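Okay, everyone, thanks for squeezing me in. Let me put the thing on the screen and then I'll talk you through it.

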Amino acid sequence: MSAADGVRREGLAAGGKDAPAADRAPSVDESAEAAAAPTGASRSRTAWYVLVRSHTEGLGLYRQLRGAGFAVRIAPVPHGLQACCGMSILAGEDEIDAVRAFLERERCPYEDVVRVERAIDAGRDRFC
Amino acid sequence: MIYLDNAATTMVKPPEVAAAVAEALTSFGGVGRGVHPASLAAGMAVYDARERVAELLGAPSAGHVAFALNVTMALNIAIDGLLGAGETAVTTAASHNSVLRPLFRARDERGCRVEVAGIRPDGSLDFASYERALEANPRLVAVTHASNLTGDVYDVERMARMAHEAGALFVLDAAQTAGALPVDMAALGADVLCFTGHKSLFGPQGTGGLCVADGVDIPPLLEGGSGTHSFDERHPLFMPERLEAGTVNAHGLAGLAAGIAFLQDVGVDKVHAHTARLADAFEAGVLEIPGVRVLGGHGGIDRSGIVALNVGDVDSAVVADRLAQDYDICVRAGAHCAPLMHKALGTDVQGAVRFSFSWFNTEAEVEQAVTALAGIAADELGGRA
């Protein structure tokens, strides 16, 4: 499975950068069952990566989102998505709309928001 | 031991600083080089340090704070990055070599012109001289906030305003003021503020950096590993990574964050009031000693916790050595990397003995230092005072 498999870009966020090259565009998830939430919506295997430009902006954004009560966490970016930062903010399916609204309202710096099926568990966070 | 060399580095730190460094040494992964818990622990600590620096010094945000090894490196980044070949810079005779030498190198190697505004014998800035220097159409003004020799705090808000009116960027060396007295780079009008971590911010040595205002673009001094954007041929263009090549000193910065947290708990106002009280008491005491001459200290709009003096014509090194050997009191003698300031004060041959106070010094220590100095003056000068 390539790095981009199981990934769906949901268009560009406001202020986001251009879409990636076609050869890096993700395919539709081939494993719908893997996306089923095993323990409720917040533990869904479908997750959303908020891509950021740098570690510093990522850490700042993470703190902002956690401070606002979102159950986000920091996770590595699948390499096929973005070769620049390596860090992303991972949000659950159930929170992404509110997260998006927050990003826009607070004019947070970010590059893109990308949906990933069969993602790593967005609800887990050993760090905080 | 009585440690009165805090303008060089604060030896006594809040215990939280050592604890933070010790914890960091056994728990941090590569900062900005991974997304696993050990790496994130380091990343969060560094981010915390950025945020605290920004809060304390009035930078727009954590992202406007880039770390360096010390204030000298930060000043080199700012001066080298902002001063183009053949352009003009202005500084003052109160500047430390961390400002003077990068400027003189730019003069010698890149055809830049350097104008130096004068300092009067009482330690004050000659504003007429500064105004004349600004007529040279400078690109950059780089000055010290407070003399590291006399503690005189200069009216840098006025200096920044004049610099901007002359079309120059204003770089502030806050080595002696960050953490020692309230500093707000935006209110002061600084385009770049350079700081060190190991003095009044109570961090470990090997920490420092620069706060960069919005709209000021400094090209990197060093390029290399950034942890991100690995396929780009050049270093990232965005702050703060733009000015940080290679892994930053996360262990040290964890200590710096702890030091600043301590300052924020106590309050910089309170720290400044304490050191000012000690400096005033010390000055009043030593002025009672025959033959003692205090250098500057009242030539600015404020004073950091420094009192510089000489005992008659006695070599400053002799006085400092006797304080250390006979009384176990640590002070700094010599030229203090401030050659033009010593020339302005007429102490370039004798040097000066610098006493500098911190939050952790006490009135009892001040009294002991005065007593010790009186003994040395009596021995060295005899009836010559």
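So, start with β8 and β9 in chain B, residues 192-196 and 208-212: these two strands are antiparallel, and five bridges hold the pairing. If you want one pair to click on, take B:Leu193, whose bridge partner in β9(B) is B:Cys211. Keep in mind as we go that this is a predicted model.

Now zoom out a little. Which strands make up the open sheet, and in what order? There are seven of them in chain B, and reading across you get β2-β9-β8-β7-β5-β3-β4, with mixed pairing. At the edges sit β2 (65-68) and β4 (113-117) of chain B, each with a pairing on one side only. From one strand to the next, the twist averages 20°.

Two helices of chain B to look at here. Helix α3, residues 71-82, packs on the sheet and touches β2, β5 (140-144), β7 (169-173), β8 and β9 of chain B. The direction of α3 makes about 155° with that of β8(B). Then there's helix α4 of chain B, residues 97-110, which also packs on the sheet, and its contacts are with β3 (88-92), β4, β5 and β7 of chain B. For α4 the angle is taken against β3(B), and that one is about 155°.

Let me stay on β5(B) for a moment. Is that strand buried or exposed? Mostly covered: five of its five residues are buried. And that goes for both faces, with B:Leu140, B:Ala142 and B:Thr144 buried on one side and B:Val141 and B:Val143 buried on the other.

As for the neighbours, β5(B) runs parallel to β3(B), with two bridges between them, and parallel to β7(B), with five bridges. B:Val141 is a nice residue to put in the middle of the view. In one direction B:Val141 is the bridge partner of B:Val90, and in the other, the partner of B:Val141 in β7(B) is B:Phe170.

Okay, pockets. The largest pocket has a volume of about 470 Å³. What lines it? There are 26 residues, and the ones nearest the centre are A:Glu57, B:Ser61, B:Ala62, B:Gly63 and B:His64. Two elements give two or more residues each to that lining, α1 (55-67) of chain A and α2 (37-57) of chain B. The largest share, six residues, is from α1(A). Split by class, the lining of the largest pocket comes out as twelve nonpolar, seven polar and seven charged residues.

The second largest pocket holds about 270 Å³ of space. It has 22 lining residues, and closest to the centre are B:Val71, B:His96, B:Ala175, B:Gln176 and B:Lys199. The class split for the second largest pocket is seven nonpolar, eleven polar and four charged residues.

Since we just mentioned α2 of chain B, have a look at B:Gly43, which sits in that helix. This glycine has a relative accessible area of 6%, so B:Gly43 counts as buried. What does B:Gly43 touch, leaving out residues up to four places away in sequence? The contacts are A:Leu59 and B:Val31. There's also B:Ala250, which is 207 residues away from B:Gly43 along the chain, and yet the two C-alpha atoms are separated by 7.8 Å.

Last bit: the backbone oddities. As a reminder, most residues other than glycine have a negative phi, and most peptide bonds are trans. So here are three places to check.

One is the peptide bond from B:Met239 to B:Pro240, which is cis, with omega near -5°. B:Pro240 is in the loop between β9 and α8 (250-266) of chain B.

Next, A:Arg107, not a glycine, but with a positive phi of about 55°. You'll find A:Arg107 in the loop between α2 (96-105) and β5 (112-116) of chain A. Buried or exposed, then? A:Arg107 has 75% relative accessibility, so it counts as exposed.

And then B:Phe202, again not a glycine, with a positive phi of about 70°. That takes us back to where I began, because B:Phe202 lies in the loop between β8 and β9 of chain B and, at 2% relative accessibility, counts as buried.

That's what I've got, so shout if you'd like anything back on the screen.

Key
Residues numbered from 1 in each chain as written. Chains lettered and ligands numbered in written order. Predicted model: local features only at pLDDT ≥ 70, side-chain atom pairs only at ≥ 80, totals over all residues. Heavy atoms only, no water. Pairing = 2+ DSSP bridges. Helix = DSSP H or I, 4+ residues; strand = E, 2+ residues; numbered from the N terminus. Axes fitted to C-alpha atoms, helices over the stretch in contact; angles between N-to-C directions. Contact = heavy atoms within 4.5 Å. 1 Å grid on protein atoms, 1.4 Å probe; cavity = no way out; pocket = protein on both sides within 12 Å on 5 of 7 lines; lining within 4 Å. Points joined across faces, edges and corners; volume = space filled by probe spheres on them. Nonpolar A, V, L, I, M, F, W, Y, C, P; charged D, E, K, R; others polar. Buried < 20%, exposed > 50% of the residue type's maximum accessible area, 1.4 Å probe, protein only.
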